[in-house]
Amino acid sequence: MSFENDIKGQNTQLFPVVEIDGIWYSTNNVTVGENYCKPILMNIPSIKESVDVESRKFKISNVSLQFNNFPFDGVRFSDQLSASSLINTEATIYFKSPSELKEVYKGIIRRISHDDSSAKIELEDLTEK
């Protein structure tokens, strides 16, 4: 079965998986391939693109990711920011279906904000690169 076949039905069973700096996150507690996904992703990312053919302009797509910042296995998401700020780090968003992992977005981290309960990361796509 393929990703395309998986999304044709009424019950698609899709969920997001995000890879940042070699660490995997998801809304679900899963292992994808050999990568364990920490279940701290709080939202399903919305990805939009637009192109104006007449003016030959395109809009750079931005994606916001929200992570739970409560301790998971004794570590908060924001704890990794002390070792590396993650700014300008590449992040990849996938959607996982029952049979396949499909890459849907690749971007660079431009902004990070966090408090005690959540962390927000804003990505900008690679079109400027």
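# Exercises on strands, rings and cores

Seven bridges connect β9 with strand β10 (residues 118–125), and the two run antiparallel. The model used in these exercises is predicted.

## Exercise 1. Strand pairing

Task: Determine how β9 is connected to β8 and to β10, and which residues stand opposite each other.

Solution.

1. Begin with β8 (residues 90–96) and β9 (residues 101–114), which pair in the antiparallel sense over seven bridges.
2. For the register of this pairing, take Phe-95, which stands opposite Lys-102 in β9.
3. The connection from β8 to β9 is a hairpin of four residues.
4. Turn to β10, which is antiparallel to β9 and joined to it by seven bridges.
5. Here His-114 has Ala-119 in β10 opposite it.
6. The hairpin from β9 to β10 passes through three residues.

## Exercise 2. The overall chain

Task: State the order of helix and strands along the protein chain, and the share of its residues that is buried.

Solution.

1. Count the elements: the protein chain has one helix and 10 strands.
2. Read them along the sequence to obtain α-β-β-β-β-β-β-β-β-β-β.
3. Of the 129 residues in the protein chain, 35% are buried.
4. For the surface, the protein chain exposes about 8,000 Å², with 46% of it supplied by carbon and sulfur atoms.
5. For contacts between residues at least 6 apart in sequence, 53% join residues at least 24 apart.

## Exercise 3. Aromatic pairs

Task: Classify the ring pairs Trp-24 with Tyr-94 and Tyr-25 with Phe-77, and locate each pair in the chain.

Solution.

1. Ring centres must lie within 6.5 Å for a pair; the count by this rule is four aromatic pairs.
2. The ring centres of Trp-24 and Tyr-94 are 5.4 Å apart and the planes meet at 15°. Planes under 30 degrees apart count as stacked, so the Trp-24 and Tyr-94 pair is stacked.
3. This pair links distant parts of the chain, with Trp-24 in strand β2 (residues 23–26) and Tyr-94 in strand β8, 70 residues apart.
4. The cut-off for buried is under 20% relative accessible area. Trp-24 has 12%, so Trp-24 is buried; Tyr-94 has 14% and therefore also counts as buried.
5. For Tyr-25 and Phe-77 the centres are 5.5 Å apart and the planes at 65°, so this pair is edge-to-face.
6. Tyr-25 belongs to strand β2 and Phe-77 to the loop between β7 (62–68) and β8, so the pair ties together parts 52 residues apart in sequence.
7. Tyr-25 and Phe-77 are both buried, and they form one aromatic cluster with Phe-67.

## Exercise 4. Nonpolar cores

Task: Identify which residues of the largest nonpolar core touch the most other members, and which strands supply that core.

Solution.

1. The largest nonpolar core has 18 residues, and Ile-20, Leu-65, Phe-67 and Leu-123 touch the most other members.
2. At least two residues of this core come from each of β1 (15–20), β7, β8, β9 and β10.
3. Leaving out residues up to four places away in sequence, Ile-20 touches Tyr-25, Phe-67, Leu-86, Thr-89, Glu-90, Ala-91, Ile-109 and Ile-121.
4. Another core lies apart from the largest one; its seven residues include Phe-15, Val-17, Trp-24 and Tyr-94.
5. As a general background, nonpolar side chains in soluble globular proteins tend to be buried together.

Definitions and conventions. Residues are numbered from 1 along each chain as its sequence is written. This is a predicted model: local features need pLDDT of at least 70, side-chain atom pairs count only at pLDDT 80 or more; totals for chains, interfaces and linings use all residues. Side-chain values use heavy atoms; hydrogens and water are left out. Two strands pair if DSSP finds at least two bridges between them. Rings of Phe, Tyr and Trp (its six-membered ring) pair if their centres lie within 6.5 Å; planes under 30 degrees apart count as stacked, over 60 as edge-to-face and the rest as tilted. Buried means under 20% relative accessible area, exposed over 50%, partly exposed in between (1.4 Å probe, protein chains only). Contact means heavy atoms within 4.5 Å. Accessible areas come from the Shrake-Rupley method with a 1.4 Å probe; for residues, only the protein chains shown count as cover. A nonpolar core is a set of buried Ala, Val, Leu, Ile, Met, Phe, Trp, Tyr and Cys residues joined through side-chain atoms within 4.5 Å.
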